[in-house]
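Trainee: Give me a close look at one part: the shell around the ligand. Which classes of residue does it hold, nonpolar, polar or charged? After that, go on to the backbone.

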Amino acid sequence: MIELDGFTEPFYITRPLLPELDETFKMIEEIWQSNHLSNNGKMVKQLESELADFLGINYLSVFANGTVALQIACKALRLSGEVITTPFTFAATSNCLNWNKLQPVFCDIEEDTFNINPDLIESFITEKTSAILPVHVFGNPCNVEIIQQIADKYGLKVLYDAAHAFGVKINDKPIAAFGDISMFSFHATKIFHTIEGGALTLNNSSLKERVDLLKNFGLKSDNTIVEPGTNGKLNEVQAGIGILLLKKIQEEIRMRKAITNLYRQLLADVPGVKLIHDVKGVTHNYSYFVIRVEQEEYGLSRDELYKALLEFNIISRKYFFPLCSDFQCYKNLISSSKLNLPVANRVAESVLSLPLHGRMSNNDVQKICRIIQQLRK
Ligand SMILES: Cc1ncc(COP(=O)(O)O)c(C=O)c1O
């Protein structure tokens with residue numbers, strides 16, 4: 001019998017990190033005085049330089065959002081034909097391929113990391129394959145070494161969707177240092193954000209020049225369009241928000257780590273609730289707190305728990321359900337078959353992201369965990 005009270009207001013999966021209002025007004029005042037609102041102004045240049053430092057990479061370009069950044073990355077790398085990717089991701093990953101007339105080929109994932117299974121990638125390579133597009137799901141790094149070995153063996157590009165992996169490191173090496181290009185999303189739901197926004201990190205200066213051209217209509221300084229680009233520019237006000245939030249990011253990660261550890265402690269002994277642990281050698285960013293619900297032991301399915309939590313005003317998320325391979329536009333691809341994706345299908349049916357942000361109190365976490373404990377049948 002549940003006797004617990006829930007939350008009086010909806011308790012959302014996340015709450016954006018915000019800069020202080022007085023420093024935001026000061027930043028906006030500076031932009032107003034400059035009369036420079038977009039087109040590679042002072043704030044964008046400063047943000048690009050500070051982000052390159054923070055992410056430990058030489059070449060970086062900021063964008064209006066992560067999706068347009070990913071679309072431009074495919075074009076900048078001159079991808080063609082087929083791209084091997086994961087179905088366990090947000091729609092933007094496979095949709096950016098479709099927008100570039102590329103065919104996604106879905107490869108199954110690993111049971112423990114939820115990332116593309118590198119041991120299966122080679123079996124999908126054909127003469128049409130031009131790249132691998134893995135995702136560092138929930139900020140947990142892919143097996144970057146094996147992926148690079150495969151790419152080198154077959155002459156493929158590697159484009160990482162690092163939307164969740166801001167600030168993550170593998171043995172002190174920044175995540176942005178792997179592959180040809182990585183994409184970071186700066187949407188307001190992400191740990192670091194510019195309200196909407198994104199960035200590409202690039203492994204050489206000519207790629208940086210090319211993405212800068214493509215995000216600005218393909219326009220060269222002498223007013224000639226050298227190739228058909230699009231508009232992917234970030235504006236000055238949003239770049240200014242990013243500069244202010246970058247100063248707060250380490251503290252946000254520290255607070256989320258503490259919340260994550262409390263969740264782990266309180267849920268450790270709940271039968272049927274499986275936790276995801278830190279990986280040795282990885283500097284995590286604690287951007288998501290994800291559990292797997294094992295129905296036989298817990299007594300409720302993931303979907304039943306999701307609904308039950310709503311009764312307590314707890315808004316969890318089924319990231320990522322449905323799989324991209326089940327979308328109407330991709331479900332007829334051979335690689336979308338359930339037989340090809342047994343692990344991804346199992347994981348998508350059982351994962352649940354619980355609320356996590358740096359403004360949560362210990363009381364909030366305790367309340368959510370008590371409810372999860374008591375809902376067990
Ligand atoms: C894995 C993944 N890829 C791509 C995106 C797209 O990023 P954006 O929302 O900045 O366009 C997101 C998030 O929104 C995401 O979670």
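Mentor: Start with the classes: Ala, Val, Leu, Ile, Met, Phe, Trp, Tyr, Cys and Pro count as nonpolar, Asp, Glu, Lys and Arg as charged, and the others, Gly among them, as polar. Keep in mind that this is a predicted model. By those classes, nine residues of the shell around the ligand are polar, four are nonpolar and two are charged.

Now the residues themselves. There are 15 around the ligand. Those that come nearest are Gly66, Thr67, Asp161, His164 and Ser185. Some elements supply at least two shell residues each: helix α3, residues 66–76, helix α4, residues 91–99, and strand β8, residues 181–185.

Next, the polar atoms. Take the nitrogen side of the ligand: one of its nitrogen atoms lies 2.7 Å from a polar side-chain atom of Asp161. Then take oxygen. The side chain of His164 has an N or O atom 2.8 Å from an oxygen atom of the ligand. For Ser185, too, a side-chain N or O atom is 2.8 Å from a ligand oxygen. Now the area. The ligand taken alone exposes 380 Å², and the protein buries 92% of that. As for the site, the ligand sits in the largest pocket.

Now the backbone, beginning with a sheet. It is open and has three strands, in the order β7-β6-β11, with antiparallel pairing. The edges belong to β7, residues 173–174, and β11, residues 282–283; each has a single partner strand, so one side of each lacks a neighbour in the sheet. Look at β6, residues 169–170: two bridges join this strand to β7, and the two run antiparallel. Within that pair, Ile170 of β6 has Lys173 of β7 as its bridge partner. As a rule, strands of a sheet pair through backbone hydrogen bonds, either parallel or antiparallel.

Last, the backbone angles. Most residues other than glycine have a negative phi, and most peptide bonds are trans. Asn39 is not a glycine, yet its phi is positive, about 65 degrees. Asn39 is in the loop between α1, residues 21–34, and α2, residues 42–55. Two peptide bonds also deserve a look. The bond from Tyr319 to Phe320 is cis, with omega near 0 degrees. The bond joining Phe321 and Pro322 is cis, with omega about -5 degrees. Where are they? Phe320 lies in the loop between α11, residues 302–311, and α12, residues 342–350. Pro322 lies in the loop between α11 and α12.

Note on methods. Residues numbered from 1 in each chain as written. Predicted model: local features only at pLDDT ≥ 70, side-chain atom pairs only at ≥ 80, totals over all residues. Heavy atoms only, no water. Near = heavy atom within 4 Å. Polar contact = N/O pair within 3.5 Å; in protein donor to acceptor, adjacent residues only side chain to side chain. Areas by Shrake-Rupley, 256 points an atom, 1.4 Å probe, with all protein chains shown as cover. 1 Å grid on protein atoms, 1.4 Å probe; cavity = no way out; pocket = protein on both sides within 12 Å on 5 of 7 lines; lining within 4 Å. Sits in = over half its atoms within 2 Å of the grid points. Helix = DSSP H or I, 4+ residues; strand = E, 2+ residues; numbered from the N terminus. Pairing = 2+ DSSP bridges.
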